[in-house]
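Let's take a walk through a protein model together. Have the picture open and turn it around as you read.

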Amino acid sequence: MSEPRVKAGIWVQMALRLGTADGRPGMLLHRGDEDAGGVLVLLRGRMGVVILSQTRDALGRPAWLRATGPDPVDDARADAYVEKQLRFDPDLWVVEFEAPDYLPPFEGTIL
């Protein structure tokens with residue numbers, strides 16, 4: 001039996017509220033499908049941007065993958081990655097947070 005999933009639109013609203021409460025303000029960059037869209041999270045710090053993409057761990061549990069690698073990338077590379085993903089999946093949600101330590105304002109396993 002699979003675990004219940006939260007609709008993407010509700011999850012994004014929750015993440016933005018957690019960011020505000022945690023002093024990591026966020027903004028919606030692209031609105032995806034309310035029910036089943038995937039989510040990209042951009043974490044902006046002083047050295048650039050880290051992009052997290054939804055995935056599953058080896059046991060099938062929800063997790064986040066550092067989609068652009070372990071180190072922050074510049075704006076041009078981050079923008080190119082997001083654009084490529086949106087061409088592949090226009091239902092994708094894209095959310096950006098101020099994150100000086102490159103950690104998201106929500107709980108989650110980062111691979």
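Here is a short tour of the sheet, the helices and one loop.

## The sheet

First things first: this is a predicted model. Its 5 strands make an open sheet in the order 1-5-2-3-4, with mixed pairing. Strand 1 and strand 4 are at the edges. Each of them has a single partner strand, so one side of each has no neighbour in the sheet. On average, neighbouring strands here are turned by 30° against each other, if you ignore direction. As background, strands of a sheet pair through backbone hydrogen bonds, and they can be parallel or antiparallel.

For a closer look, pick strand 3 (residues 48–56) and strand 4. These two pair in the antiparallel sense, over 5 bridges. You can spot threonine 55 standing opposite alanine 63, which sits in strand 4.

## Helix 1

Now find helix 1, which covers residues 8–21 and has 14 residues. From its first C-alpha to its last it reaches 20 Å, close to the 20 Å you'd expect at 1.5 Å a residue.

Which residues of helix 1 are buried? They are Ala8, Gly9, Trp11, Val12, Ala15, Leu16 and Gly19. Looking down the axis of helix 1, you'd see these buried residues fall within an arc of 160°, so they line one face of the helix. There's a handy general rule here: an α-helix has 3.6 residues a turn, so residues three or four places apart point the same way. On the face turned away from the buried side, helix 1 carries the exposed residues Arg17, Thr20 and Ala21. After helix 1 comes glycine 23, and its phi is positive, near 75°.

## Helices on the sheet

What covers the buried residues of helix 1? The cover includes strand 1, strand 2, strand 4 (62–66) and strand 5 (93–98). Helix 1 lies across those strands, and it runs at about 5° to strand 5.

Helix 2 (residues 75–88) packs on the sheet too, touching strand 1, strand 2, strand 3 and strand 5. The direction of helix 2 makes about 30° with that of strand 3.

## One loop residue

Last stop: alanine 36, in the loop between strand 1 (26–30) and strand 2 (39–45). Is alanine 36 buried or exposed? It's exposed, because its relative accessible area is 69% and exposed means over 50%.

Alanine 36 and leucine 92 are 56 residues apart in sequence. In space, though, they are 8.8 Å apart, C-alpha to C-alpha.

Definitions and conventions:
Residues are numbered from 1 along each chain as its sequence is written. This is a predicted model: local features need pLDDT of at least 70, side-chain atom pairs count only at pLDDT 80 or more; totals for chains, interfaces and linings use all residues. Side-chain values use heavy atoms; hydrogens and water are left out. Helices (H or I, at least four residues) and strands (E, at least two) are DSSP runs, numbered from the N terminus. Buried means under 20% relative accessible area, exposed over 50%, partly exposed in between (1.4 Å probe, protein chains only). The expected span of a helix is 1.5 Å times one less than its number of residues. The arc is that of the directions from the helix axis to the C-beta atoms. Contact means heavy atoms within 4.5 Å. Two strands pair if DSSP finds at least two bridges between them. Axes are lines fitted to C-alpha atoms, for helices over the stretch in contact, and angles run from 0 to 180 degrees between N-to-C directions.
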